[in-house]
Each structure stands twice: as C-alpha cells, then as structure tokens.
Amino acid sequence: MIVPTYNEKDNIDELVQRVSKANPGAEIVIVDDNSPDGTSDRARELAKSYRMKVVTRSGKLGLSSAVMEGFATATGDILVVMDADLSHPPEKIPELVGRIESGEAEIVFGSRHVEGGSIENWPFYRKVVSKGAALLAGGLTKVKDPMSGFFALNRSVIEGVTLDPVGYKIGLEILVKGKYTKVAEVPIRFANRKAGKSKLGGSEMLRYIDHVSMLYEHRRFWLAKYLKFAFIGGIGAIINLTLLWTLIEGFSVYYLWAAVAAFVVADTNNFIWNRLWTFRSKGSLPVQYSQFLVVSIDGLMLNLILLKLLVEEIMPWIGLPEDKASFYIVLSQVVAIFLVSLFNFLANSAWTFRHDVRRGRKTD
Ligand code: GDD
Ligand code: MN
C-alpha cells in the first residue's frame, strides 16, 4: 500500500486505522515530502504499532515521483496506491487486490465513472475540469476513470518500464506505458477530503495537458507532434489576422507592410512555442529562429504556388468550375494550408529541430 502525503497529519491516523482494519497485516508505505505540518513524525509514531515504512523526502518533489519512490520501497508483488485524505475508501482495497489475485486483471482502478461509482457533492467547475481531463485522455485508454489516484497493480506491469513522473496522473502514465493485457475498474464513492485542503493548483492543469500530449507522443509519435505543430499554427493564424486587422484599422498601416509585420509576429510566436513545447529544443536560439523563418517563407511561397495550381489546374481537372468564385478559392486555400503545414512541419523536423525528434529521447 503506497500513500503519498503532503500535509496530511490530521488524516493519517484514521487512514492507517481503516487500511489496517480492512487489510490486516498489509504493508503501508508513506512517502512524505517533508510536510511542514509534521506528517512524517506522526507516521513514524504510528509505525511503532503498525506494519509501516515511512519515507521522508527532502521537500515537495511531486505526487508522481512520490508514488514511484513508494514502488521502490514497497516489498509486495501487488502494489496499491491511494490518497491519504480518505477520498478513497480503504474498505475497497481487498476488492481491487482480489481482482488481481484472481487473474482477472493486472491493473485495477478504483473508478468514479463506472456503474455504481460516484462522487460526493463536487462543485460544478470541478466536474467540468474532471470531464474535460477524461476527454483528453480518451484516445489513450478505454479506462473510464484513468485520472483516479486509487489503483492496484501487479509489480510486473512496471518492471523494466521507464515512467516519467510528470504531474499528478501517475495512473494514466502506467496505463499507457505499463506491460499488461487486462485492466479492470471497481466502482468507488469518491469522498471529500477529511481534513486539510487539496494540493492540486491551476498549474497542475497545464502540466496535465503537457503530460497527456507526451503520452500521445509515446503512442503515435509523429501524429502527436504534428498535431501540436498544427495547433500552434492555428493560434498563430489567429494572431496574424488579429494583428493585420488592428494595424490596418487602428493604425492605418499600408496593408502590405501590415501583412509583413503580422507574419513576422505570428511566426515568432509559432517558433517560440514549437521550440519550447513541440520539439522541446535546447539548440541555438538564433540559428533555429533563422531556420524557422526560412522554412516559413518557403512555406508561404509554396502556399501561393499551390493555391494557383489548385484554382487554375486541379479544380477544372476534377470538374469543378474554373471561375474564380471566392468559395473555390477559399476551398483551395484550405487544401493548400494543410499541405503547407505538412511541409513546414516536415522541414522543421528534418532541419530546424532535427536533433530533437529522436523517439523516446529523455527530456526535462
Ligand atoms: N509526497 C507527496 N508530494 N504527496 C503529495 C504531493 C506531493 O508533492 N502532492 C499531493 N500529495 C498527496 C496528498 O497528500 C494526497 O494524499 C494525495 O497526494 C492527493 O492529493 P490531493 O491534494 O488530495 O489531490 P486531489 O484530491 O485534488 O486529487 C485527487 O483526486 C484526483 C481525482 O479527482 C488525486 O487522487 C488525483 O490523483 C486524482 O486524479
Ligand atoms: Mn484529495
């Protein structure tokens, strides 16, 4: 049993009692990040009467890495992870473990989102966030509640697997990278935390998006990278158009100069985010920036050539009227933008960021 803790002194007594009552003799590993409230001390006190191990780390190093530390410390073959705040019912542990012992699954999640599962009066915004998060993970796993912090697994699932301790969702990380054939879900009622407050802040949400995107890359490396690139490109397009409009309308700038300025600003934005996020590059900034600009300008020219080709050659060839009606031009431009984004992506992958696209490369 692995329980990560940060400032859970007021919960730990009841937790240890209920866990021991429901699972007599089970080993409890507390991984505490040197909580200022003295959780570690209280845990050590309890360890005199229960089968417990207490790991105190130097400081708040994060939930996922605490759980991994717990995996390394625990001695059993079946590992159970749960929160310390009594949101997860310890009485359900035997059921989770039972599913593994019976061979029904190698990982079992305590789930709020299967028949019989529930959540104790959550505010509306937390439900929305939770649903949104589940939606993002939808392409990674069939598990209904992969965000759950309550799960059991066979040690073999993670043996020899390199886990990245990003953010909160170590369970999702294991679902994507672990070695297993069957996974099950057991309904739980997720209770509000007994004492103290949640450690999950707003930055955790951004970290989650980053984590999920990395997991998608783990599954479909190039597709995920391209989607990131395209997403940033989409935002760049909005910046481009907004700036173009503002410069022309608000500052009466000559439209071609406005277009050049809008292009440079949007493209710089795209460069920054692609360097930081899509390719996570630490290469030379000025060199890469120049390369990125060169690719984009080539892309722009390619765009014009493709547009002309599509409107004047391809459209008539596939039988669409050759008139220059705006609709056909726009349609052609949609096709051209897609092709140019592919060109930009491939050119930047193969040139600007060529050192950063090796699969499975460890970053951060
Ligand atoms: N060691 C350590 N280090 N423990 C931590 C840290 C940390 O940096 N941050 C949080 N914890 C511990 C808490 O003390 C608690 O036992 C557990 O991790 C979960 O933290 P909460 O702050 O209670 O998280 P939550 O209730 O917002 O989120 C929980 O529910 C989510 C589902 O809604 C977690 O179980 C999430 O994993 C889960 O997705
Ligand atoms: Mn909690």
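Let's start with Gly 110 and what surrounds it in this predicted model. Leaving aside neighbours within four places in sequence, Gly 110 is in contact with His 88, Lys 92, Leu 96, Ser 148, Phe 150, Phe 151, Val 186 and Ile 188. You'll find this glycine in strand E5. Is Gly 110 buried or exposed? It counts as buried, because it has 29 C-beta neighbours inside 10 Å, and the cut-off for that label is 20 or more. Take one of those contacts, Ser 148: along the sequence, Gly 110 and Ser 148 are 38 residues apart, yet in space their C-alpha atoms are 6.7 Å apart.

Now a second glycine, Gly 167. This one sits in the loop between E7 and H6. Gly 167 is buried too, with 23 C-beta neighbours inside 10 Å. Which residues does Gly 167 touch, not counting those up to four places away in sequence? They are Ser 64, Glu 204, Arg 207, Tyr 208 and His 211. And if you look across to Leu 200, 33 residues apart from Gly 167 along the chain, the two C-alpha atoms are separated by 9.7 Å.

That loop leads us to helix H6, so please find residues 170-177. H6 is mostly covered, with seven of its eight residues buried. The buried ones are Ile 170, Gly 171, Leu 172, Glu 173, Ile 174, Leu 175 and Val 176. What covers them? The cover includes H3, strand E5 (107-111), helix H5 (124-137), strand E7 (151-154), strand E8 (183-187) and H7. You'll recognise E5 there as the strand that holds Gly 110.

Let me stay with H7 for a moment. As a reminder, two packed helices are described by the angle between their axes and the distance between the axes. For H6 and H7, which spans residues 202-219, the angle is about 5° and the axes are 10 Å apart. That makes H6 roughly parallel to H7, because angles under 35 degrees get that description. Where they meet, H6 brings Leu 172, Glu 173, Val 176 and Lys 177, and H7 brings Leu 215, His 218 and Arg 219. By type, this contact divides into three nonpolar residues, one polar and three charged.

Next, the ligand. How many residues surround ligand 1? There are 24, and the closest are Pro 4, Ala 66, Ala 84, Gly 149 and Leu 200. Strand E1 (2-5), strand E2 (28-32) and helix H3 (63-73) are the elements that give two or more residues to this shell. The shell is mixed in character: nine residues are nonpolar, seven polar and eight charged.

A quick word on backbone angles. Most residues other than glycine have a negative phi, and most peptide bonds are trans. Leu 86 has a positive phi, near 70°, and lies in the loop between strand E4 (78-81) and helix H4 (93-101). With 20 C-beta neighbours inside 10 Å, Leu 86 counts as buried. Arg 280 also has a positive phi, about 40°. Its place is the loop between helix H9 (255-278) and helix H10 (285-317). Arg 280 is partly exposed, with 16 other C-beta atoms within 10 Å.

Finally, let's zoom out. The domain assignment gives domain 1 as residues 2-219 and domain 2 as residues 221-363. Their C-alpha centres lie 42 Å apart. Thanks, everyone!

Notes: Residues are numbered from 1 along each chain as its sequence is written. Chains are lettered from A and ligands numbered from 1 in the order in which they are written. This is a predicted model: local features need pLDDT of at least 70, side-chain atom pairs count only at pLDDT 80 or more; totals for chains, interfaces and linings use all residues. A residue is near a molecule or strand if its C-beta atom, placed from the backbone, lies within 6 Å of it. Helices (H or I, at least four residues) and strands (E, at least two) are DSSP runs, numbered from the N terminus. Ala, Val, Leu, Ile, Met, Phe, Trp, Tyr, Cys and Pro count as nonpolar, Asp, Glu, Lys and Arg as charged, and the others, Gly among them, as polar. Axes are lines fitted to C-alpha atoms, for helices over the stretch in contact, and angles run from 0 to 180 degrees between N-to-C directions. Angles under 35 degrees count as roughly parallel, over 145 as roughly antiparallel, 65 to 115 as roughly perpendicular and the rest as oblique. Two residues are in contact if their C-beta atoms, placed from the backbone, lie within 7 Å. A residue is buried if 20 or more other C-beta atoms lie within 10 Å of its own, exposed if 12 or fewer, and partly exposed in between; C-beta atoms are placed from the backbone. Domain bounds come from an automatic or database domain assignment.
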